[in-house]
Every structure is written in C-alpha cells, then in structure tokens.
Amino acid sequence: MYRALALWALRAGIDLDDLHRLEQLARAARIEFPAGGASILLNGEDVTSAIREAQVSEAASKVAAAPGVRRGMREEQRRIGRLSSAVMEGRDIGTVVFPEAQVKIYLDADPEIRASRRAGELGAAVDKVAREMAERDQRDRTRTEAPLTQAPDAEYLDTSRLSPEQVEEAILKLVRDRTSNGKEHHKSG
C-alpha cells in the first residue's frame with residue numbers, strides 16, 4: 001500500500017517531504033487487492049509491477065514515515081481486515097495495525113541474503129541494494145510513527161537458509177499451530 005502511494009506521489013511530482021500533500025494522497029487513494037490474485041490496483045490501475053521498481057521502494061520508506069500517511073493507511077488496512085480474514089504483511093502490521101491478530105510472524109533473513117534476493121528480483125548490483133536496504137531499515141526503525149520492531153507475541157522466522165517453499169511450509173505450520181487449521185485454538189495451562 002505504501003509502495004502504491006509512493007508511486008502516485010512520484011508520478012504526481014509531489015515532494016516527499018510535503019507531509020500535508022502526502023496525507024491528502026493517502027486519504028484519496030483507492031488501493032485494492034482483487035480476490036484470487038496477487039495484483040494491486042491504485043485508483044483502478046494495475047500497478048503490481050510498477051511498485052517493485054527501485055525508486056518506488058526508496059520512496060515508499062520515506063512516504064511511510066509521514067504520520068498522516070500512516071494514519072490513513074492504517075484506517076484502510078483495518079477496513080480491509082474487517083471485511084474478511086486476511087493475510088497482511090508490513091513493518092507495523094502486528095504491532096500497530098492489528099496488535100490483537102491471532103497469528104503474527106516476524107520474517108527475517110541475514111542482511112546479505114536479503115540484499116542478494118532483492119538484487120536478483122531487480123537485476124541490480126547487490127552492493128547497491130544492500131546499501132539501500134540498510135538505509136531503509138535504519139529509517140524505518142527510527143521513525144517516530146510506528147517504527148519497525150518485532151511484536152512481543154510474534155513468532156520469529158529466520159528465512160536465511162530456507163527456500164521459498166520451506167518458508168511457506170514454516171508459515172503454514174505456525175498458522176496451523178495457532179489456529180488448529182482454521183478453528184480457534186485454545187492453549188491450556
């Protein structure tokens with residue numbers, strides 16, 4: 001969602017330090033996730049590929065630091081969550097947006113591995129991607145509004161040595177353990 005908003009801000013030529021204009025965009029944006037797919041629509045346009053561009057990734061972290069933007073996106077994320085069961089990912093989903101979520105997982109990996117994976121997606125140099133990721137992580141950990149941190153009740157999952165299929169299975173196991181395959185799970189004692 002923040003990437004979509006950052007894309008819109010970049011396209012509109014909005015200064016990423018203009019907190020008022022960014023908040024206006026956040027409140028006006030119509031961000032949708034069509035059922036049954038992995039696409040994202042911004043004001044009716046499929047922006048799935050465009051939001052993965054390097055300049056959008058960098059801008060998304062800056063846009064996400066704006067308190068008004070975070071408030072606007074949080075309202076929209078909670079609206080989506082009220083509609084039905086949902087799987088959401090983000091740097092503050094388990095701590096701020098849905099602190100009472102039944103299942104929370106904090107995915108992590110060694111910085112070098114994260115950079116290598118992302119560089120492979122982008123077709124970019126690993127050292128450049130690593131530097132940008134470190135800057136983004138630092139910015140997100142130190143922002144005033146909803147800083148990046150692991151929720152105390154989130155399961156930590158280090159994906160450094162796991163394949164995508166192994167990560168998926170580990171996540172599904174955690175979900176099954178917490179939900180008994182969709183039925184509410186009560187721990188005794």
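Rings of Phe, Tyr and Trp count as a pair if their centres lie within 6.5 Å, and planes under 30 degrees apart make the pair stacked. With that in hand, here are five close-up views of this predicted model.

**View 1. Two tyrosine rings form a stacked pair.** By this rule the count comes to one aromatic pair. The ring centres of Tyr 106 and Tyr 156 are 6.1 Å apart and their planes stand at 20°, so the pair is stacked. Tyr 106 belongs to strand E4 (residues 105-108) and Tyr 156 to strand E5 (residues 155-158); the two lie 50 residues apart, and their pairing links distant parts of the chain. Look also at the surroundings of Tyr 156, which is partly exposed with a relative accessible area of 43%.

**View 2. The largest nonpolar core holds 28 residues.** Within this core, Leu 5, Ile 31, Val 69 and Met 73 touch the most other members. Two or more residues come from each of helix H1 (2-12), helix H2 (19-28), helix H3 (54-64) and helix H4 (67-83). H1 gives the largest share, six residues. To follow one core member, start at Ile 31: leaving out residues up to four places away in sequence, Ile 31 touches Met 1, Ala 4, Ile 40, Leu 41, Leu 42, Met 73 and Glu 76.

**View 3. Three strands make an open antiparallel sheet.** The order to trace is E1-E2-E3. Strand E1 (31-32) and E3 are the edges, and each has a single partner strand, so one side of each is left without a neighbour in the sheet. Two bridges join E1 and E2 in the antiparallel sense. For a landmark, find Glu 32, which stands opposite Leu 41 in E2.

**View 4. Asn 43 sits in a loop between two strands.** The loop runs between strand E2 (41-42) and strand E3 (45-46). Most residues other than glycine have a negative phi. Asn 43 is not a glycine, yet its phi is positive, at about 50°. With a relative accessible area of 32%, Asn 43 is partly exposed.

**View 5. Ser 61 in helix H3 meets Arg 139.** Is Ser 61 buried or exposed? Its relative accessibility is 2%, and the limit for buried is under 20%, so Ser 61 counts as buried. The side chain of Ser 61 makes a polar contact of 2.9 Å with the side chain of Arg 139. Setting aside neighbours within four places in sequence, Ser 61 is in contact with Arg 136, Arg 139 and Asp 140.

Key: Residues numbered from 1 in each chain as written. Predicted model: local features only at pLDDT ≥ 70, side-chain atom pairs only at ≥ 80, totals over all residues. Heavy atoms only, no water. Core = buried A, V, L, I, M, F, W, Y, C linked by side-chain atoms within 4.5 Å. Buried < 20%, exposed > 50% of the residue type's maximum accessible area, 1.4 Å probe, protein only. Helix = DSSP H or I, 4+ residues; strand = E, 2+ residues; numbered from the N terminus. Contact = heavy atoms within 4.5 Å. Polar contact = N/O pair within 3.5 Å; in protein donor to acceptor, adjacent residues only side chain to side chain. Pairing = 2+ DSSP bridges. Phe/Tyr/Trp six-rings, centres within 6.5 Å; stacked < 30°, edge-to-face > 60°.
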